[in-house]
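User: I am new to this structure and would like a close look at one part, the surroundings of the ligand. Please set that part in the context of the whole chain.

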Amino acid sequence: MIEQGFVYSGNPARVVFGFGTTAALPEEMARLGTRRALILTTPAQEDAGQKLADLLGETAVGVFPGAVMHTPVDVSDLAADRARQIKADVVVAIGGGSTTGLGKAIALRTGLPQIVLPTTYAGSEMTPILGETSGGQKRTQTTAKVLPQVVIYDVEHTMGLPVALSGASGINAIAHAVEALYAREANPVISLMAAEGIGALARGLPAIAQDPANRKARADALYGAWLCGICLGSVGMALHHKLCHTLGGSFDLPHAETHTLILPHALAYNAPAAPEAMARLRTVLGADPALALFDLGRAVGAPASLAALGMPADGIARAVDLALSNPYWNPRPLERDALTALIQRAHAGAPPL
Ligand code: NAD
């Protein structure tokens, strides 16, 4: 890779990582020169938002506990109006990808800076990507205007993340890093982060499934999620992400669980065309990386198969047609028979070949 030359472009976020790092929030607001925070949460995490408001005292001017999945445009418009009304000069988002998405949507509308406190492993806080929905349609854009200025990773906020959500969102994060290793724009710096991120999550996730209160495992997983988020935000994705998008959209399958089931098979498919990525993966996942990812899914209690998620067997041919109908870059060309076999194995819950 190095002899062929490369382009590396870093996204400029300030990251504060550790246990109890939320205490740095007032100082981080001051560093940005801000004094009026609008705090964002989902309805389920309103208490966490209220705690931040208590910490900030008079520099918190409002809590908006209305973040929901898929970042609907009407919710974002409402929240941006609220930010203008109360003269907020910064948005502080505490939560998963849905809450981070709302913060990005407000930043896009108002130009306000963002501080994010992630509570899942989704990684959206490290990407310039925003997907918004309106009238049932999802529109995704990539713009530096939605990049958060500061991310405070406080492992304490992830201690209560349910085991199933931890496993699914963690393997979803691994998928970003796996595809970054063989991306068209792959570069040595992102590959370092990808391998380190995959290793940290592969260590942390099974230990969390055994004991959700394991603090070292929680720290490993959040650290890995950060690095995998950088990978997603820096280079393009390939077969795995496109297949998951097609399957999720066409058969209404859950996002993170679909990633968990497809990843071992997509990697096995691309392995012959991605020797450098495979060599890198062997250093963190062992001799058979695709099988290791399959076993990891089992270890975190993921669903057994696409069939178990509700995908009908007669949908396999349609999924292959859809995957072939919209060509995109992938290290290995898209081949009908091999793709059919890939989806059949994931549908049956079989290990990767
Ligand atoms: P989420 O933000 O939708 O959260 C799911 C639920 O879990 C919510 O009810 C939330 O309140 C709750 N929750 C979050 N953290 C918790 C915790 N620590 N303890 C208990 N409950 C908690 O889920 P997610 O997986 O973080 O994000 C998914 C969304 O993010 C999707 O819409 C996805 O498209 C988007 N996403 C975007 C990007 C990007 O780059 N734009 C990247 C990754 C994901």
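Analyst: What follows starts with confidence and domains, then turns to the ligand, the core and two single residues.

This is a predicted model, in which local features need pLDDT of at least 70, side-chain atom pairs count only at pLDDT 80 or more, and totals for chains, interfaces and linings use all residues. Residues are numbered from 1 along each chain as its sequence is written.

First, confidence. pLDDT is the predictor's confidence in each residue, from 0 to 100. The protein averages 96, and 100% of its residues score at least 70. Strand 2 (residues 37-40) has the highest mean, 99. Strand 7 (residues 137-142) has the lowest, 90. Helices (H or I, at least four residues) and strands (E, at least two) are DSSP runs, numbered from the N terminus. The model's ipTM is 0.99 and its pTM is 0.96.

Next, the domains. Their bounds come from an automatic or database domain assignment. Domain 1 covers 14-158 and domain 2 covers 163-348. Their C-alpha centres lie 27 Å apart. Across the boundary, 15 residues of domain 1 are in contact with 18 residues of domain 2; contact means C-beta atoms, placed from the backbone, within 7 Å. The domain 1 side of this boundary has nine nonpolar residues, five polar and one charged. Here Ala, Val, Leu, Ile, Met, Phe, Trp, Tyr, Cys and Pro count as nonpolar, Asp, Glu, Lys and Arg as charged, and the others, Gly among them, as polar.

Now the ligand. Both domain 1 and domain 2 give residues to the shell around it, so the ligand lies between them. The shell holds 27 residues, and Gly96, Gly97, Thr120, Ser124 and Thr127 come nearest. A residue is near the ligand if its C-beta atom, placed from the backbone, lies within 6 Å of it. Three elements give two or more residues each: helix 4 (97-110), strand 6 (129-134) and helix 5 (163-181). Helix 4 gives the most, four residues. By class, the shell has 19 polar residues, eight nonpolar and no charged ones.

Helix 5 also holds Ser169. Ser169 counts as buried because it has 24 C-beta neighbours inside 10 Å; the cut-offs are 20 or more for buried, 12 or fewer for exposed, and partly exposed in between, with C-beta atoms placed from the backbone. Setting aside residues up to four places away in sequence, Ser169 touches Thr120, Tyr121, Ala122 and Ala256. Thr120 is among the residues that come nearest to the ligand.

What of the nonpolar core? Such a core is a set of buried Ala, Val, Leu, Ile, Met, Phe, Trp, Tyr and Cys residues joined through C-beta atoms within 7 Å. The largest one has 110 residues, of which Val91, Val92, Ala177, Leu201 and Cys231 touch the most other members. Helix 7 (residues 215-234) supplies the largest share, eleven residues. Each domain gives this core at least three residues. Val91 touches Leu38, Leu40, Ala83, Gly103, Ile106, Ala107, Leu112 and Gln114, not counting residues up to four places away in sequence.

Last, Leu285. This residue is found in helix 10 (residues 275-285). Leu285 is buried, because 23 other C-beta atoms lie within 10 Å. Beyond its neighbours within four places in sequence, Leu285 is in contact with Ile198, Ala202, Ala292 and Leu293. Gly199 is 86 residues from Leu285 along the chain, yet their C-alpha atoms are separated by 6.9 Å.

Terms used. Contact = placed C-beta atoms within 7 Å.
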